[in-house]
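Grab a coffee and open your viewer. Here are a few exercises to work through, each with a solution you can follow step by step.

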Amino acid sequence: MRTCKVVVSTCAFGGGDDLYQPIGMVNSSIGKVCYVAFWDAVTLSTQEAEGKLTGDNEMIGRWRIIVVKNLPFVDQRLNGKIPKMLTHRLFPEASYSIWVDSKYQFRRDPIGVLEALLWRTNSTFAISEHGARTNIYDEGKAIVQKHKATPEEVEVQLTQYRQDGMPDEKRLHGLKALAEASIIVRELTPLTNHFMCAWFNEVVRFTSRDQLSFPYVLWRLNMPGINMFPVCTRRDLVNSLGHTRKVKPLTQTNTDSSTA
């Protein structure tokens, strides 16, 4: 992990998703890009039961499998935010990262994606616009309706944002307010690292629904260099294969943080 300069990463905790092999990589990118998948013990045993074994080199196809122990949160969705948002902490020598949610198969050349979404647009951070909603408060209603968080949890979060002066706007600093956060492309700079740490703090502080907290962080930090690309671009980057099975939650939190 210390040798990666460009990393494509994903995670599957709780055994909910299969691992989909990336396609579309050109020969010139081979050796320049690391593919890393973070699993927990439940996902490892689930995949091994289906005959997907890592072997001595800890690889399955292009993916290097990192089995994580002592996960800090009972909510597996929240555990998944650690590799998703704190990539710069896990790959200290990397210059660029591409996050791909585990329900997707990545199907484009990573270096080409960096060129199209960052270098050509003079950006350091790229994320998809939300395809269904444009407003943080409408997103809160949708989260409750889909039972992805309780009404009380969402209300506490949005009440705090209202008190902080969060505007009820479709656009913030010229960008669409809502993002679809299943693919995140970024240069690992101090500024984008700070943005992701602030975003991570919000999902730990309130609900784990990162699409609800993204507009708040976008509004508060007003970070330059953000490219919010259209939904059609996101669909061109991946094949959507969906979640395979129900995620198994952790039964308890860890008490011995020294082993983490």
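What follows is a set of exercises on this model, which is predicted.

**Exercise 1. Work out how the protein is built overall and whether its radius of gyration fits a globular protein of that length.**

Solution.
- Start with the inventory: the protein has 10 helices and 12 strands.
- Next, take the radius of gyration, which is 18 Å. The globule rule gives 18 Å for 260 residues, so the protein is as compact as a globular protein of that length.
- For the outline, the C-alpha atoms fill a box of roughly 55 × 45 × 35 Å along the principal axes.
- Now look at burial: 50% of the 260 residues are buried.
- The accessible surface comes to about 12500 Å², and carbon and sulfur atoms hold 50% of it.
- Finally, check how the chain folds back on itself. Of the contacts with a separation of 6 or more, 83% are between residues 24 or more positions apart.

**Exercise 2. Write down the strand order of the eight-stranded open sheet, and find which strands stand at its edges.**

Solution.
- Reading across, the order is β3-β4-β2-β1-β5-β10-β7-β11, with mixed pairing.
- β3 (59-60) and β11 (226-229) each have a single partner strand, so they are the edges, and one side of each lacks a neighbour in the sheet.
- Then add the helix: α1 (residues 41-49) packs on the sheet and touches β1 (6-12), β2 (33-39) and β4 (63-67). The direction of α1 makes about 100° with that of β2.

**Exercise 3. Take strand β7 and say in which sense it pairs with β10 and with β11.**

Solution.
- With β10 (residues 179-187), β7 (residues 125-129) pairs in the antiparallel sense, over five bridges. In this pairing Phe 125 sits opposite Arg 186 of β10.
- With β11, β7 pairs in the parallel sense over four bridges. Here Ile 127 stands opposite Met 228 of β11.

**Exercise 4. Decide whether Asn 227 is buried or exposed, then track down what surrounds it.**

Solution.
- Place it first: Asn 227 is in strand β11.
- Its relative accessibility is 14%, so with a cut-off of under 20% Asn 227 counts as buried.
- Both faces of β11 are covered, with Ile 226 and Met 228 buried on one side, and Asn 227 and Phe 229 buried on the other.
- Look for a polar partner: the side chain of Asn 227 reaches the backbone oxygen of Leu 117 at 2.9 Å.
- Leaving out residues up to four places away in sequence, Asn 227 touches Leu 117, Thr 121, Ser 123, Phe 125, Ala 126 and Ile 127.

**Exercise 5. Find the surroundings of two helix residues, Thr 87 and Gly 140.**

Solution.
- Thr 87 belongs to helix α4 (residues 87-90) and is buried, at 2% relative accessible area.
- A polar atom of the Thr 87 side chain lies 3.1 Å from the backbone oxygen of Pro 83.
- Not counting residues up to four places away in sequence, Thr 87 touches Val 7, Ile 82, Ser 97 and Arg 186. You've met Arg 186 before: it is the residue opposite Phe 125.
- Gly 140 belongs to helix α6 (residues 136-145) and counts as buried, at 3% relative accessibility.
- Setting aside neighbours within four places in sequence, Gly 140 is in contact with Val 154, Leu 158 and Leu 212.
- One distance to check in your viewer: from C-alpha to C-alpha, Gly 140 and Phe 73 are 22 Å apart, with their positions 67 residues apart in sequence.

Key:
Residues numbered from 1 in each chain as written. Predicted model: local features only at pLDDT ≥ 70, side-chain atom pairs only at ≥ 80, totals over all residues. Heavy atoms only, no water. Pairing = 2+ DSSP bridges. Helix = DSSP H or I, 4+ residues; strand = E, 2+ residues; numbered from the N terminus. Contact = heavy atoms within 4.5 Å. Axes fitted to C-alpha atoms, helices over the stretch in contact; angles between N-to-C directions. Buried < 20%, exposed > 50% of the residue type's maximum accessible area, 1.4 Å probe, protein only. Polar contact = N/O pair within 3.5 Å; in protein donor to acceptor, adjacent residues only side chain to side chain. Rg over C-alpha atoms; globule rule 2.2 N^0.38 Å. Areas by Shrake-Rupley, 256 points an atom, 1.4 Å probe, with all protein chains shown as cover.
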